[in-house]
Amino acid sequence: MQSLEALREQDPELFAAIAGELQRQETQLELIASENHTSLAVMGAQGSVLTNKYAEGYPGKRYYGGCEFVDKAEELAKARVLELFGGERANVQPHSGTQANMAALMALAEPHSRVLAMSLDHGGHLSHGHPKNFSGLLYEFHHFGVEPETERIDTARVAAMARELKPAVLLIGASAYSRILDFPRFAEIASEVGAKLMVDMAHIAGLVAGGVHPSPVPHADIVTFTTHKTLRGPRGGAILCRKEHFPLVQSRVFPGTQGGPLMHVIAAKAAAFGEALRPEFRSYQEHVVRNARALAEELQAGGLRIVSGGTDTHLMLVDLRSLGMTGSEGEDALHHVGITVNKNLIPFDPQPATKASGVRIGTPAITTRGLREVELRRLGKLIVRALKGRSDAAEVQRVGAEVAELAGSFPVYPSLHRDYGLRD
Ligand SMILES: Cc1ncc(COP(=O)(O)O)c(C=O)c1O
């Protein structure tokens, strides 16, 4: 690829960093639940000349000339995302999930309004009311969690809190919750207390697109999501909404919270939505969930506790307290054998977030590179060995070699290896 050649010649130091990252992705196993490996087509769109174009505004109504081709790309992204998820209107410009949430909240409620959402400590997200995030700074957030016995959301408790607090918005969505979310019930609760229902399906958007998690779209006033997690597109956000909210959503995205849209990223979103419309995507998502179940079962068989007893989705939270280790130590132990995860609070965690008692594990990325249940069972055993044998240098080396061998059997971007000087 000529653009790569140019980069290699002009800036070897930066080129080496990118090549290093490719090598890391190829030789290690990515189990961070919010990550994925996009297609070459998505990266092609994102690395295109569309990065040069200013296009403030919306298709047909821009503040800049020369937008006829970027308009086409944005129209494609909008049409495809509506075909994929249904919904009345779409805005594909948010730069990220947090930007989408900011615009959506500002379209649904005035600053200082009350919002009821899931607590970050129990699996929610920073943009759902963390005191240092725009959400917590601008809105009066109240939080519900999971139940101590089941580690699941109890919708009766959410309803009771909603009746008492009368929030303007009920915000449903999570970063670390592994169970099905009951959107029809949340819609009933919102309607009973006169709240708007906003769903942030960032984590599960791909599962919803693939038909393996129920869709919030028919039930919510506004649905936001990221395009880069299970949905396997470029890093970015998007919004679906009912038509009555559309004018304000458009205005809250631009000029409300963003300037010029990232047209190259919007083109890459169009490419990803196009891929998600294909039948193979449905089968990919089925494997994501089956893989997660197989991995959870294997970890349980190895003596580890999975929060809530298992998973219905692409992710699970693993409680490491029985091994006498923190999430942070677990993250390090797995890093040493070439497996990437993140430490994560578990519900009612006695540890601070910087240490945490658990790790969050997800299957979207390894499913993309082709691993299936048989490999997930093998990987589960390797994870258990890596955690239990973390102080045994020989065992760490043995497990690391097996992980490298497994990763090597499932290359992610074989056609890029030569361009970046990687040895096969
Ligand atoms: C539920 C949820 N919402 C929003 C976001 C924010 O996305 P971004 O990092 O693109 O701002 C995330 C990211 O992890 C998330 O899990």
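Me: Which helix gives the most to the shell around the ligand?
Reply: In this predicted model, 15 residues surround the ligand, and the closest are Ser96, Gly97, Thr98, Ser175 and Ala202. Three residues of the shell come from one helix, residues 97–108, and this is the largest contribution, made by helix 5.

Me: How many residues of the shell around the ligand are polar?
Reply: The shell around the ligand holds two nonpolar residues and one charged residue. The remaining group in that division is the polar one, and the number of polar residues is twelve.

Me: In what order do the four strands of the open sheet stand?
Reply: Strands of a sheet pair through backbone hydrogen bonds, either parallel or antiparallel. Here the pairing is antiparallel. Strand 11 (305–306) and strand 14 (342–344) each have a single partner strand and so stand at the edges, with one side of each left without a neighbour in the sheet. Read across the open sheet, the order is 11-12-15-14.

Me: Which residue in strand 15 is the bridge partner of Asn342?
Reply: Strand 14 and strand 15 (residues 358–362) run antiparallel and are joined by three bridges. Within strand 15, Val359 stands opposite Lys343, while the bridge partner of Leu317 is Arg360. For Asn342, too, the bridge partner in strand 15 is Arg360.

Me: How many bridges join strand 12 to strand 15?
Reply: Strand 12 covers residues 315–319, and it runs antiparallel to strand 15. One of the residues with a bridge partner in strand 15 is Leu317, which is matched with Arg360. The number of bridges joining strand 12 to strand 15 is five.

Me: At about what angle does helix 12 run to strand 12?
Reply: Helix 12 (residues 279–301) lies across strand 11, strand 12 and strand 15. Helix 13 (residues 327–335) also packs on the sheet, where it touches strand 14 and strand 15 and its direction makes about 165° with that of strand 14. For helix 12 and strand 12, the angle is about 15°.

Me: Is strand 15 largely enclosed or left open by the rest of the structure?
Reply: On one side of strand 15, Gly358, Arg360 and Gly362 are buried, and on the other side Val359 and Ile361 are buried, which leaves both faces covered. Five of the five residues of strand 15 are buried, so the strand is largely enclosed.

Me: What is the radius of gyration of the protein chain?
Reply: The protein chain comes to 16 helices and 15 strands. The globule rule gives 22 Å for 424 residues, and the chain's own value is close to this, so the chain is as compact as a globular protein of that length, with a radius of gyration of 22 Å.

Conventions:
Residues are numbered from 1 along each chain as its sequence is written. This is a predicted model: local features need pLDDT of at least 70, side-chain atom pairs count only at pLDDT 80 or more; totals for chains, interfaces and linings use all residues. Two strands pair if DSSP finds at least two bridges between them. Helices (H or I, at least four residues) and strands (E, at least two) are DSSP runs, numbered from the N terminus. Two residues are in contact if their C-beta atoms, placed from the backbone, lie within 7 Å. Axes are lines fitted to C-alpha atoms, for helices over the stretch in contact, and angles run from 0 to 180 degrees between N-to-C directions. A residue is buried if 20 or more other C-beta atoms lie within 10 Å of its own, exposed if 12 or fewer, and partly exposed in between; C-beta atoms are placed from the backbone. A residue is near a molecule or strand if its C-beta atom, placed from the backbone, lies within 6 Å of it. Ala, Val, Leu, Ile, Met, Phe, Trp, Tyr, Cys and Pro count as nonpolar, Asp, Glu, Lys and Arg as charged, and the others, Gly among them, as polar. The radius of gyration is taken over C-alpha atoms; the globule rule is 2.2 Å times the number of residues to the power 0.38.
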